Amino acid sequence: MLTEALRSLWAEPRPANPPRRVWRDWALVAVLATWSVAEAVLREDLTSRPLVLLAVLVVLAPLPWRRSHPLGAVAVSFGTLITVDIARILLGEEAYLLSSISAVLVLAYALFRWGAGREAATGLGVILVWLVITHVADPMSPAEMAAGYGFFLFAAALGAAIRYHAKTRIREIDEARAREREQLARELHDTVAHHVSGIAIQAQAGRAVAASHPERATEVLAVIEDAAARTLTELRTMVGVLRATEEADFTPRPGVADLERLAGEADGGPPVHVEVSGELDDLSPALDAALYRLAQESVTNARRHARCASRVTVRVVGNPERVQLTVDDDGDPSTPVGNASGYGLIGMRERATLLGGTFHAGPTAGRGWRVEAMLPRAGTAL
């Protein structure tokens, strides 16, 4: 088991999309360089000041690349430190370095936060080699040696812990999105199954009346054509949305017409008022169900989390191109409805995106929290 764990650690890839270099990285280097120059000027126990200052600046220079090239940054910084300490040992000089080199602790953190498994192991080996050499160059007590190792190992462990937390967070977000895709696909699947069943029944009726009432058979064919067109539209939407295999549920899905279910008062939450206006006829089943689900989730969040809210308003406005859903509450703005990175909001955003729409949730300019979704009537082809 230990061998497998080590092999897995060695094969661990780099985290995707590390943060890019920003002005704060250069500001950090500038602050450390200023600190180094001031220390080199003011300290009286330094020898070979220009050389010491140059070495420290070389050690600090790779810091902006610690996320994109963690092993390279460690190799340059600690390679320079190893070279300096070996020269101190061979020359027998007590040439102290500047205290600003303590910033290399950031590299130990970055190595395990952003490096691949083999990069982290190799870089840690370089750091441990430097610790051994620097303790030879500057003899220390056992307590000081333990503290030195402890600082770097703690920085490495902190980077690994945050990396694990970030991976767990990303996996949970992906699972939330997958659940929303599965739910949407299930609803579309059931709608298509309902349409196909209707087509089959109409076809059977057409065959029964074709011989005796040809004109009625023509009417039946028109109904079948319309149902088939709707079914093809839903199928185009469903393609690309994965779902677990389940039996079709022929129970009608709630839609805009069912939003009044959300209205009224509930124990432990503010009352809900529903306003529906505009052109909302002939909505596709996917859009109809999505509007209800988004409103339901928003109302649930408001009732649970909107502190001191006295009212929640659900508005649905339709026009020939799109439908807009807005859910507002007047709760305390210091306690937003859910976390902006919460899984419920992630699922809602995923559903809106799958249907070709937009989604936004956040505090309003005044008091309260707003959830807003804009969904096209035509949907999107997946």
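The following paragraphs lead through this predicted model, from its confidence to its charged residues.

Confidence in the chain is considered at the outset. The mean pLDDT is 78, and 74% of the residues reach 70 or more. In residues 240–250 the pLDDT stays under 50, and the model places 24 contacts there beyond four places in sequence. A further stretch, residues 335–341, also has pLDDT below 50; for these residues the model has 16 contacts beyond near neighbours in sequence.

Attention now turns to pairs of opposite charge. The salt bridges in the model number nine. One of them joins Asp 25 to Arg 66, with 3.1 Å between the closest N and O atoms. Asp 25 belongs to helix α2 (residues 23–42), whereas Arg 66 lies in the loop between α3 (49–60) and α4 (70–91). The two residues are 41 residues apart, and the pair thus links distant parts of the chain.

Charge also appears on the surface without such pairing. Glu 279, Asp 281, Asp 282 and Glu 321 form a negative surface patch, and the residues of a patch have no salt bridge. Of these residues, Glu 321 is located in the loop that runs between β3 (312–318) and β4 (322–329).

Methods: Residues numbered from 1 in each chain as written. Predicted model: local features only at pLDDT ≥ 70, side-chain atom pairs only at ≥ 80, totals over all residues. Heavy atoms only, no water. Patch = residues over 30% accessible without salt bridge, like charges linked within 9 Å, V, L, I, M, F, W, Y side chains within 5 Å. Areas by Shrake-Rupley, 256 points an atom, 1.4 Å probe, with all protein chains shown as cover. Salt bridge = Lys/Arg side-chain N within 4 Å of Asp/Glu carboxyl O. Lys, Arg positive; Asp, Glu negative; His and termini not counted. Charge placed at Lys NZ, Arg CZ, Asp CG, Glu CD. Helix = DSSP H or I, 4+ residues; strand = E, 2+ residues; numbered from the N terminus. pLDDT = per-residue confidence, 0-100. Contact = heavy atoms within 4.5 Å.
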